[in-house]
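Work through the exercises below with the model open beside you. Try each task before reading its solution.

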Amino acid sequence: MNKLKHLNTKLPKCMIAGSLVVALSTGPVFGTGIAMAAKPTIQNDSLLEADAAVHQLARYQVDARLDEKKMTIHGTETVTYRNNTKDTLDNIVFHTFADANRSKETQSGMFENSNERMAKENPDKKPEDFLGGIDINNVKSLGQPLKFDNSNQALKVALGQALQPGQSITLELEFDVKIPYGSQRLSHYKNIINGAHWFPVLSVYNPADHTWDKTPYSTTFESDYYDSADYQVTMNVPADYQISMPGTLTVQDAEAGRKMVTATANNTREFVFFTSPDFKVESVTRDGLTIQYYYFDNQKDKKQIIDQYIDQAFKVINFFSEKYGKYPYPEFRIVESYVEGIAVEFSRMIQMGMIEGQPDISNHSAFVHEIAHQWFHSLIGNNSEKESFLDEGFADFSMVYFYEKQGNPLNGFKVIQFDEVSLDSPLDATNDKVGDSPDAIFYKKGRQAIYELYRTLGEEKFDELMQTYFDQYVYKNATIEGLLQVVENKAGKKIRDEWEADLRQPNYSLKSEYRLTADEEAAYMYEQFKSIYHSVFVQFPEVPSETMSRIIDKTLQGEPLTIILSDRLTSDKATKQQDQLLNQFQGFFQIAGIKPTIITERQVLKNKLKKELGDSNIIVIGKPDANGFVQALKSGIIKRADTVGFKWQEIMKKSNQSGAYIIKHPYNQNRLMLHYFWTGDHLSDQTADPFMAKALESLNFSNHFYQYYVLNNAGKSSIEQKIENPYAKLFAE
Ligand SMILES: [Zn+2]
């Protein structure tokens, strides 16, 4: 998963800017699974069956019907499970994560903001509409009812008879699911149904403590921990719906207006679906791999954008296939949905948010991160409740590794070499332990520790080690201990011990020789800001020239910036306020690597007015008649202000007004002039703080595109003109 985070600087790690397969998916190992399950060999008169094929994986056959009006699913499920443990089992446990939706408290906190917004937008929706759950109607084996208990997202089935090691059992379950409204892994919103966690799946048995995993789904992060299995799932949906599922899809007619879509997905970590009547499907096949993008055709040139994403997906898959181990499935699917600031990985599929404007695809890092999860989550599984480092750390490192090898200077290894503070939680922590900072620990620190291993070993040896790790754990669940064993075998005990300390001890930080120097860090930050600001304006080309944050973009692109202070302020208070505003800007400029020229004296201003200042973007501060620049160019300013609709004379005439406006430079239409003004002697006590806050906000790339705003004497915005920035909501506090 990838979540857009608020950082102190509000600089995001990544700007989430960001044909049916005919061949049967064999996976590399097993064939047609389900036919075997349908005709079990019955051993004596017992419930149990010997598995003649010695099939190691569980097999699911699910038949389900989506009621898109009531937003329910009715399903039957046949599961054949072989006891691969050394223990005799008298019960089997399934996860029923759909039940996380029984109450708001058990639902994921990750979607809370989205749901609050959706609730506000749809006042007819009641709190209970945002809830759901799964009812288990019955569980049988060979037609005989079995006792079961479904509570706290765990379905415990008593087998009635012991299941010996090596024996198999086939269970039949019948269930009804209510799909919650809003944003959840299982949810419906507008014209889409997101279908993760919708039927009971076997939990993982822990041989060490002889128990099944009964952990309910994480409310803070994610806990998708499964054994790979063979799936054959048939969904009955309206005939005009497109449905994305993993594996090979075949379509048959069903009753009037309906169809049945069957997915065969063997050796697969998990099974999800996404369906919508409005999905378009774009499909490209290269070298036996078909990539499909399920998307909404809701803007001009969308198909071209989708094709570029598919192209990028091929690049990414090929890179990891070469580095780690071949992507084994014949298809990969990408689904567009309404998730905000989040993207989610599933086996053979990823869920992305809505494409907005013209995205910067090559720098859309979340897209690369999610694809990397095909190796670290889907192919190599792990317990993402207990050892999230294994999937998130490696997915994030792999994303950076890809960019580095693409020669992308902004998203390559420098991202990792830029070391933030150390954190007291170790990398091998559980989700519970890291609380609300999984991003900082598992992703940022995680990828750093992996980078350290990469530097320690060198690229060739590191790749070799990763291939061994892949070969050993593909379709299985890895552990940190297992990974360390691979490190020991490939690189020796000393390197293992050092690296183990990195993972298991608190306060990990990257070895200083692998970090950026202070100068490199400053240069890196400048490049980051430059890229982010620019990508915002490239993505939204319709945003007018006269936009406050654009002055930062232009400066970062290399145009000069001059700040002209008022030299005729009439009180100490006004001077202090001007200094405060300047300091505030300077703090931000320093982080971003912007070095403006500052003019404080009238004589300097006069000397530069005709030449240098005609070529510079200008920030002017203060009362109009106290600032030499405004005085000198007043008539030009008024004219330019008029074109953006800012009634300059009218506003400047009033007392106790403050605010800002941006216009084209009175001399030079390719430059901007931004004026932070007040009309009284100084800002009133109620206005000063809001004025300072708003000034900084007006320059931020993640805020709305301001053209002008005026604050009244209480510090409230009385007039403003801005263009909505679709990303602003992602950064809202
Ligand atoms: Zn992730």
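The exercises cover strand pairing, cores, two buried residues and salt bridges in this predicted model.

**Exercise 1. Strand 3 and its partners**

Task: Find the strands joined to strand 3, and give the direction of each pairing.

Solution:
- Step 1. Take strand 3, residues 58-67, and look across to strand 16, residues 229-238. The two run parallel and are joined by 8 bridges.
- Step 2. Turn to strand 4, residues 72-82. Here 9 bridges join an antiparallel pair, strand 3 and strand 4.
- Step 3. Use Arg 59 as a marker. Asp 230 of strand 16 stands opposite Arg 59, and so does Thr 80 of strand 4.
- Step 4. Inspect the turn. The hairpin of strand 3 and strand 4 has 4 residues between the strands. Met 71 takes a positive phi there, near 55°.

**Exercise 2. The nonpolar cores**

Task: Which residues have the most contacts inside the largest nonpolar core?

Solution:
- Step 1. The largest nonpolar core holds 155 residues. Trp 198, Phe 389 and Trp 499 have the most contacts inside it.
- Step 2. List the surroundings of Trp 198, leaving out residues up to four places away in sequence. Its contacts include Val 62, Ile 73, Phe 175, Val 233 and Phe 271.
- Step 3. Look for a further core. A second, separate one has 51 residues, among them Tyr 524, Phe 588, Leu 672 and Tyr 706.

**Exercise 3. Two residues to place**

Task: Is Leu 699 buried or exposed, and is Asn 617 buried or exposed?

Solution:
- Step 1. Locate Leu 699 in helix 18, residues 685-699. Its relative accessibility is 0%, so Leu 699 counts as buried.
- Step 2. Check what Leu 699 touches beyond four places in sequence. Tyr 533, Met 548, Phe 585, Phe 588 and Leu 674 are among the residues.
- Step 3. Locate Asn 617 in strand 30, residues 617-621. Asn 617 is buried, because its relative accessible area is 0%.
- Step 4. Find a partner for the polar side chain. The side chain of Asn 617 reaches the backbone nitrogen of Leu 672 at 2.7 Å. Contacts of Asn 617 also include Ile 551, Glu 559, Pro 560 and Arg 671.

**Exercise 4. Salt bridges**

Task: How many salt bridges does the structure hold? Then examine the pairs of Arg 185 with Glu 222, Glu 500 with Arg 504 and Glu 720 with Lys 722.

Solution:
- Step 1. The total is 36 salt bridges.
- Step 2. Arg 185 and Glu 222 meet at 3.6 Å, N to O. Arg 185 sits in the loop between strand 10 and strand 11, and Glu 222 in the loop between strand 15 and strand 16, so the pair ties together parts 37 residues apart in sequence. Arg 185 is buried at 6% relative accessible area. Glu 222 is buried at 2%.
- Step 3. Glu 500 and Arg 504 have their closest N and O atoms 2.9 Å apart. They are 4 residues apart in helix 11, so about one helical turn separates them. Glu 500 is buried at 18%, under the 20% cut-off. Arg 504 is partly exposed at 29%.
- Step 4. Widen the view. Glu 500 and Arg 504 belong to a salt-bridge network with Asp 428, Glu 481, Glu 488 and Arg 496.
- Step 5. Glu 720 and Lys 722 pair at 3.2 Å between the closest N and O atoms. Glu 720 is partly exposed at 32%, and Lys 722 is partly exposed at 35%.

Definitions and conventions. Residues numbered from 1 in each chain as written. Predicted model: local features only at pLDDT ≥ 70, side-chain atom pairs only at ≥ 80, totals over all residues. Heavy atoms only, no water. Buried < 20%, exposed > 50% of the residue type's maximum accessible area, 1.4 Å probe, protein only. Contact = heavy atoms within 4.5 Å. Core = buried A, V, L, I, M, F, W, Y, C linked by side-chain atoms within 4.5 Å. Polar contact = N/O pair within 3.5 Å; in protein donor to acceptor, adjacent residues only side chain to side chain. Pairing = 2+ DSSP bridges. Salt bridge = Lys/Arg side-chain N within 4 Å of Asp/Glu carboxyl O.
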